[in-house]
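Dear colleague,

I am handing over the structure we spoke about, so that you can look at it before reading my notes. Please open it first and keep it beside you as you go through the rest of this message.

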Amino acid sequence: MIITLLSDFGSFYPAQMKGVILSRLQGGSGNEASKITFVDIAHDIPAQNVRAGAFALLSTARFFPSGSIHIAVVDPGVGTARRGLVLESGGQIFIGPDNGLLLPAARSLGRPAAYEITPHPEASCTFHGRDVFAPAAALIASGQQPESLGPRVRPKDLDFGEAKRTARGLEAAVIYIDRFGNLILNLQKLPGGDVMLMGIRLKRVRTYAEGRRIEPLITLGSHGFAEIAINQGNASEAFRLKVGDRIELEEI
């Protein structure tokens, strides 16, 4: 049984979630705790950045086998009326807050079925990752079905949108910035050739190394989305762009 964790928690909070899961499974029939493999997808998602977390989960979940359980927690609404969810899609399970975080990944694998998790009355109002989502993951890992956790509901959507054709080229949005400063766009097909951004030419390439040092590039990333990069540089800083910004790529 594989359980992944993704969050904006940073240091020791994910360990508490793992401890809860292992404690609840310890001593079960066949000692389920010993059969768990934890995989940390990321815990350095920018704080409260639901869209960044959703993109990271979307880019990663498809590489895991059927039966995997994904706990994702980027949750600025923790403790409020927002629901907790367990989603089943494509043979995998997604657990986390109902703020759009889970849906792009779940939808990429199939047709999600979502069920509300009823939090325990004594759950912390500030740490549902430990007190709501980790216990739910333990229940699923022990053999319970998602529908046993609560009523079926319609989850909140999160859509990265699509690039649009303009008179001069393409209008796209920055949906993620990785640690190298590469700008990932909501564009899944590259333009036919080089393009201009803010009056600067972007060379269309297959690999970063096809460009000269500090040359601006556009390529199709391993995640399947177009990205603007600077060979051995930082495109986000160079173009002064952030997540959510819209840009126009002018065809040459």
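What follows is a short account of what was found, beginning with the nonpolar cores and moving on to the salt bridges.

Please bear in mind throughout that this is a predicted model.

The largest nonpolar core holds 29 residues, and within that core Leu87, Phe94 and Leu102 are the residues that touch the most other members. Four elements each contribute two or more residues to this core, namely helix H2 (50–61), strand S4 (84–89), helix H3 (103–109) and strand S9 (169–177). Of these, H2 supplies the largest share, which amounts to eight residues.

Phe94 is a convenient place to start looking, and if its neighbours within four places in sequence are set aside, Phe94 is in contact with Leu57, Ala61, His70, Leu85, Val86, Leu87, Ser89, Leu102, Ala105, Ala106 and Leu109. Apart from this core there is another one, made up of 28 residues, which include Val20, Ile71, Phe127 and Leu149.

Turning to the charged side chains, a search of the whole structure finds 13 salt bridges. One of them joins Arg107 to Asp157, with the closest N and O atoms 2.9 Å apart. This pair links distant parts of the chain, since Arg107 sits in helix H3 while Asp157 lies in the loop between strand S7 (152–153) and strand S8 (164–165), 50 residues apart. Both partners count as partly exposed, with a relative accessible area of 37% for Arg107 and 44% for Asp157.

A second pair to look at is Arg201 and Asp194, whose side chains meet in a salt bridge at 3.0 Å, N to O. Here Arg201 is partly exposed, at a relative accessible area of 48%, and Asp194 is also partly exposed, at 24%.

In a further salt bridge, Glu210 pairs with Arg206, the closest N and O atoms being 3.6 Å apart. Glu210 has a relative accessibility of 31% and therefore counts as partly exposed, whereas Arg206, with a relative accessible area of 69%, is exposed because this value is over 50%.

Finally, Arg168, Glu248 and Glu250 are linked with one another in a network of salt bridges.

With best wishes

Definitions and conventions. Residues numbered from 1 in each chain as written. Predicted model: local features only at pLDDT ≥ 70, side-chain atom pairs only at ≥ 80, totals over all residues. Heavy atoms only, no water. Core = buried A, V, L, I, M, F, W, Y, C linked by side-chain atoms within 4.5 Å. Buried < 20%, exposed > 50% of the residue type's maximum accessible area, 1.4 Å probe, protein only. Contact = heavy atoms within 4.5 Å. Salt bridge = Lys/Arg side-chain N within 4 Å of Asp/Glu carboxyl O.
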